[in-house]
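Hi everyone, thanks for making time this morning. Let me put the structure up on the screen, and then we can walk through it together.

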Amino acid sequence: MNFKKSQKLYNKGLVNLVGAVNSPVRAFASVGGNPLFIDKAKGSKIIDVDGNSYVDYVLSYGPMILGHRHKKVQKAVTKALKNGYSFGASTENEIKLAKIVCSAFPGMDKVRFVNSGTEAVLSGIRLARAYTGKDKIIKFSGCYHGHQDSLLVAAGSGLATLSLPGSKGVPEGAVKNTLIANYNDLESVKAHFEKHDDIAGVIIEPVGGNMGVVIPQNEFLKDLKELAHKNGAVLIADEVMTGFRSMFGGAQEVLGVEADITCLGKVIGGGFPVGAYGARNEIMENVAPLGGMYQAGTLSGNPIAMVGGIATLTTLKKQNPYKKFDAIGAEIEQSLLDSAKKYEVDVTVNRFGSMLNPFFTTKKVTNFEEAQTSDTKKFAAFFWEMIKNGIFLPPSQFEAWFLSSAINKKDMEKTKYAIYNAMKVVSKL
Ligand SMILES: *Cc1c(COP(=O)(O)O)cnc(C)c1O
């Protein structure tokens, strides 16, 4: 396997792009080496510019849940392109996608479409403040909610990978209303509520995915909602990663908790830039033009992106791949554990449906602190051996691996074979 063309493009890219990437998670900062440049992708596979083919567990960091270039999606989008790219006025497909989304999430009567997960969350936070008339927000250490100023503290994967405590350029004033609590630790949330009476909301990834996969223990989410409500605050579920992935109705459906405000992204656009936030009527009526909270977007509800979203979600609903995801996820999890045992490597595997990853640690991982006990050098060695065996993983210990419904038996055999090889390499470190 060689990476000559990728190497060449990387060097070229450094001139006019920052680090030759448009999102820092795509840089191979913590695994060493240079990022791969992609030529194309189809189904479960992604192919780089040197012609190397990989089973794809990055899936654009989640959106490509049907695999790449699903026939139904491609057909619908190609057809839509003939009618125009953007109008700055409403289209019927916005109503259609809104209906699909609102029926998947019972806590959403109305939804507003935006262009990214970041935008969805920053608007969701604004809405929590508009609705409650309060300022402060509680977030959890290790949860990532996009790159808006106020939430860019203790923010998980991207920053953790680059060993950054927070981001430069974020003024103190921007984070003065952000309170940090520990995942799976209700007491740490209670302490904030006891000290502050102006908390608008608690935002959480209902299943952590940006510090590696971290699963809420026991009734954490239910308790959190109760605690928030008791204190006149709202629960904001950032389901940008888990929405339509954990289940069609997101992690909320699996965990049986209904958030007050839900933020979506990734799968909702099926690879096109779509984000969304939604809530009950009583809350959404605060958004302009119905209410006084302003939020807008030139390309929001983009006609092509809407069609991509509709085709993806209707196909996904029909496929109902969640049982398959669980079976395949369990199989990968088992081969990680078996190979680790065989080669005597300390590993903890966390998995929630079609999101999983190994941590190279002896500890159970239930929060960011425990995730950070993972040996990232071992992960780097594991990552490169997987690449050499034709498996594309996110280039960070603190990112989840994702499954697509396009994955087949052959892909699984290849994956398991690669895992054993990679674990063997790690055991020699
Ligand atoms: C990816 C992600 C975001 C940010 O979404 P972008 O589309 O990258 O802006 C926000 N929250 C969570 C939980 C995410 O996984």
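Let's begin with Tyr183, which counts as buried because its relative accessibility is 1%. Do keep in mind that we are looking at a predicted model. Phe220 counts as buried too, at 5% relative accessibility. Now, how are the rings of Tyr183 and Phe220 arranged? They form a tilted aromatic pair, with 5.8 Å from centre to centre and 50° between the planes. If you trace the chain, Tyr183 sits in the loop between strand E6 (178–181) and helix H7 (186–195), while Phe220 is in helix H8 (residues 220–230). That puts the two partners 37 residues apart, so this pair links distant parts of the chain. Here is a second pair to compare by eye: Phe368 and Phe398, which are edge-to-face, with 6.5 Å between centres and 75° between the planes. Phe368 lies in helix H13 (residues 368–371) and Phe398 in the loop between strand E13 (391–392) and strand E14 (401–402), so the pair ties together parts that are 30 residues apart in sequence. Both Phe368 and Phe398 are buried.

How many aromatic pairs does the structure hold? There are 15. You can also find one aromatic cluster, formed by Phe3, Phe28, Phe379, Phe383 and Trp384.

Next, please rotate to helix H2, residues 71–81. Which residues of H2 are buried? They are Val73, Val77 and Ala80. Looking down the axis of H2, you would see these buried residues fall within an arc of 60°, so they line one face of the helix. A quick reminder of the geometry: an α-helix has 3.6 residues a turn, so residues three or four places apart point the same way. And what does the face of H2 turned away from the buried side carry? That face has the exposed residues Lys71, Lys72, Lys75 and Lys79.

While we are in this region, have a look at Ile65, in the loop between strand E3 (53–56) and H2. Ile65 has a relative accessible area of 0%, so it is buried. Its C-alpha atom is 6.3 Å from that of Ser405, although the two residues are 340 apart along the chain.

For a contrast, go to Gly169, in the loop between helix H5 (157–161) and helix H6 (172–175). Is Gly169 buried or exposed? It counts as exposed, because its relative accessibility is 72%. The C-alpha atoms of Gly169 and Asp149 are 8.5 Å apart, and their positions lie 20 residues apart in the numbering.

Let's finish with the ligand. Which residues are around it? Going along the chain, we have Ser116, Gly117, Thr118, Tyr144, His145, Gly146, Glu205, Asn210, Asp238, Val240, Met241 and Lys266. By type, this shell divides into three nonpolar, six polar and three charged residues.

Three polar contacts are good ones to find on your own screens. A ligand nitrogen atom is 3.2 Å from a polar backbone atom of Tyr144. A ligand oxygen atom is 3.1 Å from an N or O atom in the side chain of Asn210. And for Lys266, an N or O atom of the side chain is 2.6 Å from an oxygen atom of the ligand. On its own the ligand has 380 Å² of accessible area, and the protein covers 82% of that.

That's my tour, so thanks for listening, and I'm happy to go back to any of these views.

Definitions and conventions
Residues numbered from 1 in each chain as written. Predicted model: local features only at pLDDT ≥ 70, side-chain atom pairs only at ≥ 80, totals over all residues. Heavy atoms only, no water. Near = heavy atom within 4 Å. Polar contact = N/O pair within 3.5 Å; in protein donor to acceptor, adjacent residues only side chain to side chain. Areas by Shrake-Rupley, 256 points an atom, 1.4 Å probe, with all protein chains shown as cover. Nonpolar A, V, L, I, M, F, W, Y, C, P; charged D, E, K, R; others polar. Phe/Tyr/Trp six-rings, centres within 6.5 Å; stacked < 30°, edge-to-face > 60°. Helix = DSSP H or I, 4+ residues; strand = E, 2+ residues; numbered from the N terminus. Buried < 20%, exposed > 50% of the residue type's maximum accessible area, 1.4 Å probe, protein only. Arc of directions from axis to C-beta.
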